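Please open the model in your viewer and keep the sequence panel beside it. The tour below goes from one selection to the next and says what is there at each stop.

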Amino acid sequence: MASVPVNELKQHIGKQVELRGWLYNRRGSGKLLFLQFRDGTGLVQVVVGKADVPEPVFETARRIGNESSIIITGLVKEDTRSSLGVEVQASDLHVIQEVHDYPIQITEDVPNIDKLLDQRHLWVRSRRPHAILRVRSEVIQAIRDFYYNKGYVLFDAPMFTPASCEGTSTLFEVPYFDSTAYLSQSGQLYGEAGAMAFGKVVVFGPTFRAEKSKTRRHLTEFWMVEPEVAFLELDGVMDLAEEQVRYVVGRALERCKEDLKVLQRDTTLLEQVARPFPRVSYDDVQVLLQKLKAEYAASSDPELQKLAKDILKGGLGDDLGAADETAIGLHFKQCVMIHRYPRHVKAFYMKKDPQNAERALCVDVIAPEGVGEIIGGSQREDSLEELLSQIEKHKIPMESINWFVDLRRYGSVPHGGFGMGVERCVQWITGCQHVRETIPFPRTIYRLNP
Ligand code: 4AD
Ligand code: MG
């Protein structure tokens, strides 16, 4: 008998099948046992009746602990009460490995996430992480499909790099034979070389930042998707970011319904992603934040009062902080594109706004529901002279960046792109409190294990 995956059982109603996998949980005793069986594709209830199987099989089913590996033979029956629509009436059960001391309790919530993360190699079998990581898988596939279908060339950037892309404060240094390499903070600079060669490229890979702060949205290793396009100016960068976010969220809503249900995700705001994203300048956002700060401070909601204290904490004219982004999300209840930040808070490669030398032609996409920035992008400085002066201002060693300057010496054109952190996007879609749940093995300042 061929074995059938749980998610295909519905096509086998009325038939005998073999299931291969693990015992997830068990209820019942006496004459009837209800095994929750999992095989990675889903969970199904297997009913073991004392009268329906040989005595030793019933004893085994009663005795084995969670995560014992098993092969079950049984009849598939329709069961309209379960979300799967079927259950299995067991006629035989064979144990591959009997387990009695599985270290994780079956719980639906995350009571002690640090302890569970210590067991991450096992915890990924549980329903919640399983659902989150399936959404991640769909998000990544959607990203790949989006760019592939639009004719972008996948252009891989190196992980060992000679220079910093996003400032030196979060650089990981690695001994590299007789010199020092840095783990890539972003593949963008290489993406720009790709855009000049292929027109439209997308860099997609892991990136690294030595983030010393402990927040719920920072990892030290995360995945970034970075399109980079020749002749694309800031408005085009915003159009592309909007289209990509809408596509990715749409795919997750369409194909991860069951997973989002497991996560009890209220998808009301996610469905709003189809509406246009407001585009607001940094200067207008400052005015809005001052207004929201006053409004929340006067509110009777203690949460809002607390938030009000942290709004514009950096002061007017500074980079936006987490509270600012939360307030913006609360206000718009939709992804918002904030453009033209002050140049001094942004990276060296961003193009100066020709209308205002203090501003950069850049955009951040802020997701609602407390997630904050999911995308950072810009039009790039395409003038050789301006770029050289920025490199000098940011004290970037010329020998490590000269190759990049070549891109402005040989056929420079206006161009731009952005980077989206996959984990931040998955955090938003799944409604996870902390970004560390959105990657199989999170790396943070406090975690290198397992
Ligand atoms: O805004 P960032 O720093 O932009 C860049 O790196 C550009 N070079 C991208 C480009 O234009 N090609 O980072 C981009 C995104 C952020 O918006 C966020 O989603 C994610 O990367 N990100 C992080 N995600 C998790 N943990 C961290 N420590 C992150 N830092 C950035
Ligand atoms: Mg950013």
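Select Arg81 and Asp79 to begin: the two form a salt bridge, the closest N and O atoms being 3.1 Å apart, where a salt bridge is a side-chain nitrogen of Lys or Arg within 4 Å of a carboxyl oxygen of Asp or Glu. Colouring by accessibility separates the partners, since Arg81 counts as exposed at 73% relative accessibility, whereas Asp79 counts as buried at 7%. In these terms, buried means under 20% relative accessible area, exposed means over 50%, and partly exposed lies in between, with a 1.4 Å probe and protein chains only.

Before going on, note that this is a predicted model, in which local features need pLDDT of at least 70 and side-chain atom pairs count only at pLDDT 80 or more, while totals for chains, interfaces and linings use all residues. Residues are numbered from 1 along each chain as its sequence is written, chains are lettered from A and ligands numbered from 1 in the order in which they are written, and side-chain values use heavy atoms, with hydrogens and water left out.

Next, select Arg128 and Glu437, whose salt bridge has its closest N and O atoms 2.8 Å apart. Arg128 lies in helix α4 (residues 127-149) and Glu437 in the segment after α14 (422-430), so this pair ties together parts that are 309 residues apart in sequence. Helices (H or I, at least four residues) and strands (E, at least two) are DSSP runs, numbered from the N terminus. Both Arg128 and Glu437 are buried.

Move to Asp353 and Arg340, where the side chains meet in a salt bridge of 3.2 Å, N to O. Asp353 is in strand β14 (residues 352-353) and Arg340 in the loop between β13 (336-339) and β14, so the pair ties together parts that are 13 residues apart in sequence. Asp353 counts as buried, at 5% relative accessibility, and Arg340 as partly exposed, at 26%. Selecting Asp114, Asp118, Arg436 and Arg447 together then shows one network, joined by salt bridges that share partners. Across the structure, the count comes to 33 salt bridges.

For a wider view, colour residues 6-97 as domain 1 and residues 120-278 + 334-438 as domain 2, bounds that come from an automatic or database domain assignment. The C-alpha centres of the two domains lie 44 Å apart, and 8 residues of domain 1 are in contact with 6 residues of domain 2, contact meaning heavy atoms within 4.5 Å.

Now select helix α11 (residues 322-332), whose buried residues are Ala323, Asp324, Glu325, Ala327, Ile328 and Gly329. These buried residues pack against α9 (282-297), α10 (302-310), β13, β16 (362-367) and β17 (372-379). Just after α11, Lys333 takes a positive phi of about 50 degrees.

Which other backbone angles deserve a stop? Leu312 has a phi near 55 degrees, a positive value in a residue other than glycine; the residue sits in the loop between α10 and α11 and is buried, with a relative accessible area of 13%. Lys395 also has a positive phi, of about 55 degrees, although it is not a glycine; this residue lies in the loop between α12 (384-393) and α13 (398-409) and is exposed, with a relative accessible area of 74%. At Asn449 and Pro450, look for a cis peptide bond with an omega of about -5 degrees; Pro450 is in the segment after α14.

How many disulfides does the structure hold? There are 0, a disulfide being a pair of cysteine sulfur atoms within 2.5 Å. Select Cys256 to see one case: the closest cysteine sulfur, in Cys425, is 11 Å from its own, too far for a bond, and Cys256 is buried, with a relative accessible area of 3%. For Cys362, the closest cysteine sulfur is that of Cys165, 14 Å away and likewise too far for a bond; Cys362 counts as buried, at 0% relative accessibility.

Finish on the surface by selecting Phe160, Tyr176 and Phe177, which make a nonpolar patch of about 380 Å². Patches are made of residues with over 30% relative accessible area and no salt bridge, like charges being joined within 9 Å and nonpolar side chains (Val, Leu, Ile, Met, Phe, Trp, Tyr) within 5 Å; accessible areas come from the Shrake-Rupley method with a 1.4 Å probe, and for residues only the protein chains shown count as cover. Tyr176 is found in strand β8 (residues 173-176) and counts as partly exposed, at 34% relative accessibility.
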